[in-house]
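Welcome, and please open the structure in your viewer with a selection box at hand. We will go from strands to single residues to helices, one selection at a time.

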Amino acid sequence: MYPSVGELERQARALVAAAPGVLRLRAVGESRAGRPLWLLSAGHGDRQILTVAGAHANEPVGGASALRLARLFARGPRALDRLGCTWHFLLCLDPDGAHLAQGWAPEEPEPSLERCHRHFYRPAFARQPESLPAPGEKRELLPESAALVRLLDELKPVAQFTLHGIEFGGAFAMLTREVAGAARAIRETAAFLRIPLDDHPCDGPDWHPDPPGVLLLPADRAGSERDPSGFVAGSTWLYPLRHCTLTALIEAPAWAVPAVSDARPAADPEREVARVGELLLARTRELTAVLSERPAAPVPEDLAPLRDAAAELLDVAPSIVDTWASEERSGSRGHFATLGIAARRIPLRIAAMTRRTLAHTDPRTAAALAGLVREWCQELTKTYDLRWVPVSAQTGLHVRTMIDIARRVCPEGG
């Protein structure tokens, strides 16, 4: 099970109590709703490493991974001495979002994809704390973003790890610079844990693919980050480049899809990109039809963020299709499997969040949306042979990758 925000704090305090000479806990800011942002720190070395968990509300695995690594350090602090570092864990960057997504907690050993989506929430782009205003954009920093930026300026870490967890697909990593041997180690870890690598992820359309499973930041993309939807923003991934910090984003799937690792060339890339684009547009048209059948019902204030996030996804779907269509007409079968998953995931997210907002004010429309969630979850499972990845393997991917990269950027005696 993934820990809740409250459980993260409780377990962190227990770790500190058990290893007070190694671990310590402090608040480094507050969320928009006044929830504390907890930083768990281990060791006393001169080098600084920062791990950021819980940046996205639908990705609670990062907190579990952070606690797992902190436990290792509590039991064996000499590992930190060998690295010469202090390792910091920001346990949940978006506790407000995590609160709204409470219930997105698959129950092992056979979790239900449909049941999880009854609680789905992922904020609109501008409400995601890792998203900073783009250069020249008149948008204030979120309190959570400001806290992370302050922390990056305070620590000037040699490495920042940001831990993510996609619902279904393959593992991959995004690195803001090449690290000798890191890509091979990521691939070996995924193979050891039997987690398929995403041959060519659809995230980071401006990043350079180093297949399988790795994206590298081009030197000329240091100023802003572009989402496949066309949304452009600054990023806490890129912000610490001013401190020569390596940022490594590590993505672990909850449900694995073997097809995304297929490196064979697609037979007809033009046809494939047209097919996935039409699938996404057809499903958004179906959602629009369901939502237009009745006058818009009021949405409870506490669920307004879900309404806004769903509306944004519905609005940007054509832009996402345009981005896919503008890519070079080459690619592996695994890449088009990833696009096919995205074409299904986006409408599923819209339906799941909108159903939640209307559950009490428009039960009829909510029931229709629940039917789509059920149908699309079943279709996803059948089409892609989804395989649950145990939480121990998800966190293992995060922890092993972090330790391996840390050893490469913090050589002993350096």
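## Start in the strands

Select strand β2 (residues 36-42) and β4: four bridges join the two, and they run antiparallel. Strands here are DSSP runs of E with at least two residues, helices are runs of H or I with at least four, and both are numbered from the N terminus; two strands pair if DSSP finds at least two bridges between them. Before going on, note that this is a predicted model, in which local features need pLDDT of at least 70 and side-chain atom pairs count only at pLDDT 80 or more, while totals for chains, interfaces and linings use all residues. Residues are numbered from 1 along each chain as its sequence is written, and side-chain values use heavy atoms, with hydrogens and water left out.

To see the β2 pairing up close, pick L39, which stands opposite L90 in β4. Now show β4 (residues 85-90) by itself. How many of its six residues are buried? Six of the six are, so β4 is largely enclosed by the rest of the structure. Buried means under 20% relative accessible area, exposed means over 50%, and partly exposed lies in between, using a 1.4 Å probe and protein chains only. In a regular strand the side chains alternate between the two faces of the sheet. Colour C85, W87 and F89 for one side of β4 and T86, H88 and L90 for the other; these residues are all buried, which leaves both faces covered.

Next, add strand β3 (residues 47-52), joined to β4 by six bridges in a parallel run. Q48 is a good place to zoom, as it sits opposite T86 of β4. Six of the six residues of β3 are buried, so this strand too is largely enclosed by the rest of the structure. Its two covered faces hold R47, I49 and T51 on one side and Q48, L50 and V52 on the other, all of them buried.

Then bring in strand β6 (residues 159-164), which runs parallel to β3 and is joined to it by four bridges. Select V52 and T162 together: T162 is the bridge partner of V52 in β6.

## A three-stranded sheet

Clear the view and select β7, β14 and β15. These three strands form an open sheet in the order β7-β14-β15, with mixed pairing. β7 (168-169) and β15 (387-388) are at the edges with a single partner strand each, so one side of each has no neighbour in the sheet. β7 pairs with strand β14 (residues 255-256) in the parallel sense over two bridges. Within that pair, look for F168 opposite W255 of β14.

## Two single residues

Centre on P123, in the loop between α5 (113-116) and β5 (131-132). Is P123 buried or exposed? Its relative accessible area is 5%, so P123 is buried. Leaving aside neighbours within four places in sequence, P123 is in contact (heavy atoms within 4.5 Å) with A57, D94, Q128 and A309. Draw a C-alpha to C-alpha distance from P123 to P305: the two are 182 residues apart in sequence but 6.7 Å apart in space.

Move on to S145 in helix α6 (residues 143-155). S145 has 0% relative accessibility and therefore counts as buried. Beyond residues up to four places away in sequence, S145 touches P129, S131 and L132.

## Finish with the helices

Select helix α8 (residues 269-292) and α10, whose axes come within 8 Å and cross at roughly 10 degrees. Axes are lines fitted to C-alpha atoms, for helices over the stretch in contact, and angles run from 0 to 180 degrees between N-to-C directions. α8 and α10 are therefore roughly parallel; angles under 35 degrees count as roughly parallel, over 145 as roughly antiparallel, 65 to 115 as roughly perpendicular and the rest as oblique.

Finally, swap α8 for helix α11 (residues 363-384). Its axis and that of helix α10 (residues 333-358) come within 8 Å and cross at roughly 155 degrees, so these two helices are roughly antiparallel.
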